[in-house]
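Me: I am new to this structure and would like to be guided through its architecture. Please show it before we begin.

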Amino acid sequence: MFFVSARTAGPPRLGILITRKHAARSTVRNRIKRCIREAFRLEQAGLGALDVLVRPPLGARPGVAMLERLRELFSVLSQ
């Protein structure tokens, strides 16, 4: 789930909301956060002045598929 707020100026900012309900183990939560940050890093040049809060769905699995899906969603936001 994405929450987006436009600003007048400045670089894009990222917020991540992930709890133990998303993944019980901290290592899995951290891998999910790394995927989100990496996708944001790769797509942030086209985002403009946005604040983006990402809350992954419960049971999300970190990996290449998650990274690609997030990149697609961030690229949609840049349009």
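Me: Which residue of β3 is the bridge partner of Phe3?
Reply: This is a predicted model, in which local features need pLDDT of at least 70, side-chain atom pairs count only at pLDDT 80 or more, and totals for chains, interfaces and linings use all residues. Residues are numbered from 1 along each chain as its sequence is written, and side-chain values use heavy atoms, with hydrogens and water left out. Strands (E, at least two residues) and helices (H or I, at least four) are DSSP runs numbered from the N terminus. In β3, Phe3 has as its bridge partner Leu53.

Me: In what order do the strands of the open sheet lie?
Reply: Two strands pair if DSSP finds at least two bridges between them. Five bridges join β1 to β3, and these strands run antiparallel. β2 (residues 13-16) and β3 (residues 50-54) run parallel and are joined by four bridges. The pairing is thus mixed, and the order of the three strands is β1-β3-β2.

Me: Which strands are the edge strands?
Reply: An edge strand here pairs on one side only. The edge strands are β1 (2-6) and β2.

Me: Which residue of β3 stands opposite Gly15?
Reply: β2 is joined to β3 by four bridges. Opposite Gly15, in β3, stands Leu53.

Me: Are α1 and α2 parallel, perpendicular or oblique to each other?
Reply: The axes of α1 (residues 26-43) and α2 (residues 64-77) come within 9 Å and cross at roughly 40°. Axes are lines fitted to C-alpha atoms, for helices over the stretch in contact, with angles from 0 to 180 degrees between N-to-C directions. Angles under 35 degrees count as roughly parallel, over 145 as roughly antiparallel, 65 to 115 as roughly perpendicular and the rest as oblique. The two helices are therefore oblique.

Me: Which strands does α2 touch as it packs on the sheet?
Reply: Contact means heavy atoms within 4.5 Å. α1 lies across β2 and β3, running at about 165° to β2. The direction of α2 makes about 25° with that of β1, and α2 touches β1, β2 and β3.

Terms used: Right-handed = clockwise from strand over helix to strand, strands pointing away.
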